[in-house]
Amino acid sequence: TRSISLSGDTVTISTTANNNGSSTYTLKMRTHPELNIPEKVKASGEFVSVSGESIKYPFKDAEENKFFSGDNLPNGKWTVNLGDYSVTNTFDTKMVSQALLNSTLSSRRYNFELYSTGVDLNPGQSATFTNSFKVEVK
């Protein structure tokens with residue numbers, strides 16, 4: 001089940017998976033939103049990692065995949081700066097094992113991808129993965 005809600009400048013997406021079977025199942029979820037980069041904007045990303053390191057990176061013309069995990073995982077949020085505005089994706093670090101920023105200026109797009117930790121669901125159990133996107137105008 002997926003629910004999408006809007007509150008002010010924030011969109012929240014929650015996905016719930018249920019184990020309707022008769023045996024334990026290990027659930028792994030992945031979010032994959034694709035967002036647009038406006039024309040003539042030099043986009044860049046930034047976040048503070050779970051280890052406290054400030055990480056900043058300009059987007060390149062060619063497609064690039066930047067994976068972050070362990071101590072380099074964003075500490076619950078990461079932001080893409082798009083000139084006149086920014087988009088921040090927030091999430092629960094306990095539910096995320098890896099993050100991927102896939103971007104390309106030539107195609108004018110980027111993806112905030114989150115890979116969940118493995119969750120063992122016994123029959124009848126469910127798990128919910130939630131993340132939010134906030135747009136801030138500068």
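A residue counts as exposed when its relative accessible area is over 50%, as buried when that value is under 20%, and as partly exposed in between. Keep those cut-offs at hand as we walk through this structure, which is a predicted model.

Let's try them out on Lys40. With a relative accessible area of 84%, Lys40 is exposed, because exposed means over 50%. You will find Lys40 in the loop between β5 (34-36) and β6 (44-48). Its backbone deserves a look too: Lys40 is not a glycine, yet it has a positive phi of about 60 degrees. Arg108 also has a positive phi of about 60 degrees without being a glycine, and its place is the loop between β11 and β12. Is Arg108 buried or exposed? Its relative accessible area is 17%, so Arg108 is buried, the limit being under 20%.

Now step back to the whole chain. The protein contains 14 strands and zero helices, so to speak an unbroken run of β elements from the N terminus on. Its C-alpha atoms fill a box of roughly 55 × 30 × 25 Å along the principal axes. Of the 138 residues, 40% count as buried.

How are the strands put together? Seven of them form an open sheet with antiparallel pairing, and the order across it is β1-β2-β14-β10-β9-β6-β7. The edge positions belong to β1 and β7; each has a single partner strand, so one side of each is left without a neighbour in the sheet. From one strand to the next, the twist averages 15 degrees.

Start at the β1 edge and work inwards. Strand β1 covers residues 2-7, and β2 covers residues 10-18; the two pair in the antiparallel sense over six bridges. Together they make a hairpin with two residues between the strands, and Gly8 in the turn has a positive phi of about 65 degrees. Beside this turn you can find Ser7 standing opposite Thr10 of β2. On to the following pair in the sheet: β2 and β14 run antiparallel and are joined by nine bridges, with Thr15 standing opposite Phe129 in β14.

How many of the six residues of β1 are buried? The number is zero, so this strand lies largely in the open. Leu6 is one of the residues in β1, and it is exposed, with a relative accessible area of 64%. Leu6 also joins Ile4 and Val11 in a nonpolar patch on the surface, and the accessible area of the three together is about 300 Å². In soluble globular proteins, nonpolar side chains tend to be buried together.

For the buried nonpolar residues, turn to the largest nonpolar core. This core has 29 residues, and the members that touch the most others are Phe59, Trp78 and Tyr110. The elements giving two or more residues to it are β7 (54-58), β9 (77-81), β10 (85-91), β11 (96-104), β12 (109-116) and β14 (126-137).

One last stop is Thr130, which lies in strand β14. Its relative accessible area of 34% makes Thr130 partly exposed, because that value falls between the 20% and 50% limits. Thr130 and Lys60 are 70 residues apart along the chain, and their C-alpha atoms are separated by 29 Å.

Technical notes
Residues numbered from 1 in each chain as written. Predicted model: local features only at pLDDT ≥ 70, side-chain atom pairs only at ≥ 80, totals over all residues. Heavy atoms only, no water. Core = buried A, V, L, I, M, F, W, Y, C linked by side-chain atoms within 4.5 Å. Buried < 20%, exposed > 50% of the residue type's maximum accessible area, 1.4 Å probe, protein only. Helix = DSSP H or I, 4+ residues; strand = E, 2+ residues; numbered from the N terminus. Pairing = 2+ DSSP bridges. Axes fitted to C-alpha atoms, helices over the stretch in contact; angles between N-to-C directions. Patch = residues over 30% accessible without salt bridge, like charges linked within 9 Å, V, L, I, M, F, W, Y side chains within 5 Å. Areas by Shrake-Rupley, 256 points an atom, 1.4 Å probe, with all protein chains shown as cover. Salt bridge = Lys/Arg side-chain N within 4 Å of Asp/Glu carboxyl O.
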